[in-house]
Structure formats: C-alpha cells, structure tokens
Amino acid sequence: MAVACTRGERRGKAQWPGHAVRRIVASGSTARVVMLTTFDLDEPVFATLRAGASGFLLKDIRPADLADAVRVVARGEALLASTVTRRLLDRFAAGLPAGPGPDRRLDPLTPREAEVLTLVARALTNAEIAERLFLTQATVKTHISAILTKLGLRDRVQAAVLAYETGLVRPGAISDPA
C-alpha cells in the first residue's frame, strides 16, 4: 500500500507523516506501508518508521525500482532509500555504548556471510553486492537469507542494525575497501 501525504491533507505538523501510517497500522490491516515522499529529511523518516512503515522511498525513484520495492515489502521485508539507511544507521550507531568485549551474536555466520552483511549494512543493493564480491544476485540472496535465518532476523534493516550493534560496521568507516 502506498501512502501519499500532501500539504492539503496535513492536519498538523505533529501528525504528519506518521499519522496516516499509524491509522493504517492501527486499523488491523495486514497491508505493509511504503512511504513515498519528496522529503529526504530525518524527522519524516523517523516519524514514519516509528509509526510502523515498512518502507521509505524518495519520489525520484525509477518506476521499475518502485515496483521492485513494493514487491520486496509485500514479501515482508523492509526497504529504505539508501540515503535514508545511511543516516538512520549513523544516527543509531552513534548512540550505542562500547561493549565490554567481543559480541558473539555474529559467530554463526561464515566469513562470506559476514562480508555480505557488512555490505548490507552499508546500504548496498543485491546487485551492488554481487558486483563487488563477484557473485550472482541469486547467490547474494542466498547469503542474505542464510544471514537472516541464522541470526533470527526479519529483514535487511534488522540485519544492518545488528551489524552496527556488534561493531562489524562503524559509522563513518570507509565504505569501499577496494
């Protein structure tokens, strides 16, 4: 389900954009919400995600990519514009305390899965990961599925957050090791 909020529909700054999303989620609908907006600002992103949206995309997205995004969210995954993912993770990770020792939550992963997880956390698409690691997109999808299953995660966003929580990826780290 796509939700469009325009200035004319806005009833108050505190209600928008999360208000419409909250109404859909509270209705008991099983629909997943993808927010499509021109606003690439933190406040609308965080309000929308807090309200329960499964996706947040910018209106400059190509039509084919938008269709793919709707399919991704319909499968139960979450999807954010890459610029949004980067800012969200930087903001989230910056507030994490340094752990007392090595985090063991990533131990079930193979070295290749950890490498794929690092790139997921850096907001790369499956195609970009495949190109970077010289893999097929199908192999990347298999690795991501294995990561989610082994770690008990729901989607790529949870995987990316865990990568930051465990220290696998750090905010401001160089994103292109090549």
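Helices here are DSSP runs of H or I at least four residues long, and they are numbered from the N terminus. Keep that in mind as you click around, and remember that this is a predicted model.

**Stop 1: the whole chain**

Colour everything by secondary structure. You should find eight helices and four strands. Walk along from the N terminus and the elements come in the order β-α-β-α-β-α-β-α-α-α-α-α. The protein has 178 residues, and buried ones make up 39% of them. Now show the surface: about 10,300 Å² is accessible, and carbon and sulfur atoms account for 56% of that. If you switch on contacts between residues at least 6 apart in sequence, 60% of them join residues at least 24 apart.

**Stop 2: helix H6**

Select residues 126-133, which form helix H6. Which residues of H6 are buried? They are Asn126, Ile129, Ala130 and Leu133. These four sit on the same side of H6, because they cover an arc of only 100° around the axis. There is a general pattern to look for here: an α-helix has 3.6 residues a turn, so residues three or four places apart point the same way.

Next, show what that buried side touches. The buried residues of H6 pack against helix H5 (111-121), helix H7 (137-151) and helix H8 (156-165).

**Stop 3: the two ends of H6**

Step just past the helix. H6 is followed by Phe134, and the phi of Phe134 is positive, near 60°. Most residues other than glycine have a negative phi. Phe134 is not a glycine, yet its phi has that positive value. Select it and you'll be in the loop between H6 and H7. Is Phe134 buried or exposed? Phe134 is exposed, with a relative accessible area of 77%.

Now hop to Ala123, in the loop between H5 and H6. Ala123 also has a positive phi, near 70°, in a residue other than glycine. Its relative accessibility is 18%, so Ala123 counts as buried, since the cut-off for buried is under 20%.

**Stop 4: along helix H7**

Select Thr139, which is found in helix H7. Thr139 counts as partly exposed because its relative accessibility is 30%. Draw a C-alpha to C-alpha distance from Thr139 to Asn126: the two are 13 residues apart in sequence and 9.4 Å apart in space.

Stay in H7 and pick Ala146. With 22% relative accessibility, Ala146 counts as partly exposed. Try another C-alpha to C-alpha distance, this time to Glu113: you get 7.8 Å, across 33 residues of sequence.

**Stop 5: the largest pocket**

Time for some empty space. The largest pocket holds about 1,100 Å³. Which residues come closest to its centre? Select Val72, Leu79, Thr125, Asn126 and Arg156, the closest of the 35 residues that line it. You've met Asn126 already, as one of the buried residues of H6.

To see the elements around this pocket, colour strand E3 (55-58), helix H3 (63-74), strand E4 (79-80), helix H4 (82-94), H6, H7 and H8; each gives two or more residues to the lining. Colour the lining by class instead and you get 18 nonpolar, seven polar and ten charged residues.

**Stop 6: the second largest pocket**

This one holds about 380 Å³. Of its 17 lining residues, select Leu49, Leu80, Leu88, Val157 and Val161 to find those closest to the centre. Helix H2 (42-51), H4 and H8 each supply at least two lining residues. Which element gives the most? That's H4, with four residues. By class, the lining has ten nonpolar, two polar and five charged residues.

**Last stop: Asp40**

Finish in the loop between strand E2 (34-37) and H2, where you'll find Asp40. Asp40 is partly exposed, with a relative accessible area of 31%. Which residues does Asp40 contact, leaving aside neighbours within four places in sequence? Show Leu58, Thr83, Val84 and Arg87 to see them. Then draw one more distance: the C-alpha atoms of Asp40 and Val84 are separated by 7.3 Å, although these residues are 44 apart along the chain.

Note on methods: Residues numbered from 1 in each chain as written. Predicted model: local features only at pLDDT ≥ 70, side-chain atom pairs only at ≥ 80, totals over all residues. Heavy atoms only, no water. Buried < 20%, exposed > 50% of the residue type's maximum accessible area, 1.4 Å probe, protein only. Arc of directions from axis to C-beta. Contact = heavy atoms within 4.5 Å. 1 Å grid on protein atoms, 1.4 Å probe; cavity = no way out; pocket = protein on both sides within 12 Å on 5 of 7 lines; lining within 4 Å. Points joined across faces, edges and corners; volume = space filled by probe spheres on them. Nonpolar A, V, L, I, M, F, W, Y, C, P; charged D, E, K, R; others polar. Areas by Shrake-Rupley, 256 points an atom, 1.4 Å probe, with all protein chains shown as cover.
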